[in-house]
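Trainee: Please take me closely through a single part of this model, and give the criteria behind each term as you use it.

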Amino acid sequence: MLRLTDFIIDCPDTMKLAAFYSEVTGRPVKEGGDENWAGIQFGEIELAFIRVAGYRAPQWPDSEHPKQFHLDFEVDDIEAEQSRVLALGATLQRDSIGPDGYGWRVYTDPVGHPFCLCRNKGVAWTDQGLIWPTSD
């Protein structure tokens, strides 16, 4: 059996980046984090941050310093969420929202990792989570 347990992000300051994503997601940083490791639990998966000496930030979209990964966050109000993540220290990099209000925007977190706020057509928000439209 194989089960994904952690998604680990390299960074220069674990607690600072964990605090940023804690504010972005509304989930608390797990107890016991320190300067070498911090995490945020999402059900069975932990979004974790590990300190790397000599950390070199990605320079998206520069291929000489590639992004390495990115996170997508589905949102129900992209304008409100954009205001919130910008106030938390994110930087808008690219706007790909169409005239119908759907699409995505690319941001970088305070240490240069790109992430997207997405608004997909047909996604329904329920107490059990997102329901994605079925493909015909």
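Mentor: Two strands count as paired if DSSP finds at least two bridges between them. Helices (H or I, at least four residues) and strands (E, at least two) are DSSP runs numbered from the N terminus. The model is predicted, so local features need pLDDT of at least 70 and side-chain atom pairs pLDDT 80 or more, whereas totals for chains, interfaces and linings use all residues. Residues are numbered from 1 along each chain as its sequence is written, and side-chain values use heavy atoms, with hydrogens and water left out.

I shall begin with the hairpin. Strand 2 and strand 3 are antiparallel and are joined by six bridges. Two residues separate these strands in the hairpin, and G43 in its turn has a positive phi of about 60°. Beside the turn, F42 has I45 of strand 3 as its bridge partner. Q41, in turn, stands opposite E46 in strand 3.

E46 also takes part in a salt bridge with K30 through their side chains, at 2.9 Å from N to O; the term requires a side-chain nitrogen of Lys or Arg within 4 Å of a carboxyl oxygen of Asp or Glu. This pair links distant parts of the chain, since K30 belongs to the loop between helix 1 and strand 2 while E46 belongs to strand 3, 16 residues apart. Over the whole structure, five salt bridges are found.

The hairpin belongs to an open sheet of three strands, with order 1-3-2 and mixed pairing. Strand 1 (6-11) and strand 2 (37-42) are at its edges with a single partner strand each, so one side of each has no neighbour in the sheet.

From strand 3, the loop to strand 4 contains P61. The peptide bond from W60 to P61 is cis, and its omega is near 5°.

Strand 4 belongs to a second open sheet, whose four strands follow the order 4-7-6-5 with mixed pairing. Its edge strands, strand 4 and strand 5 (91-97), pair on one side only. Strand 4 and strand 7 (residues 114-119) run parallel and are joined by four bridges. Within this pairing, F73 stands opposite L117 of strand 7.

F42 and F73 meet again in the description of the largest pocket: both are listed with T25, R27 and D72 as lying nearest its centre, among 17 lining residues. On a 1 Å grid over the protein atoms alone, a pocket is an open set of points where a 1.4 Å probe fits, with protein on both sides within 12 Å along at least five of seven lines, and lining residues have an atom within 4 Å of a point. The volume of the largest pocket is about 430 Å³, taken as the space filled by probe spheres set on points joined across faces, edges and corners.

Which elements supply at least two residues each of the lining of the largest pocket? They are helix 1 (14-25), strand 3 (45-51), strand 4 (71-74) and helix 2 (78-87). Strand 4 gives the largest share, four residues. By class, the lining has 10 nonpolar residues, one polar and six charged; Ala, Val, Leu, Ile, Met, Phe, Trp, Tyr, Cys and Pro count as nonpolar, Asp, Glu, Lys and Arg as charged, and the others, Gly among them, as polar. Strand 3 of the hairpin and strand 4 at the edge of the second sheet are thus both to be examined when this lining is displayed.
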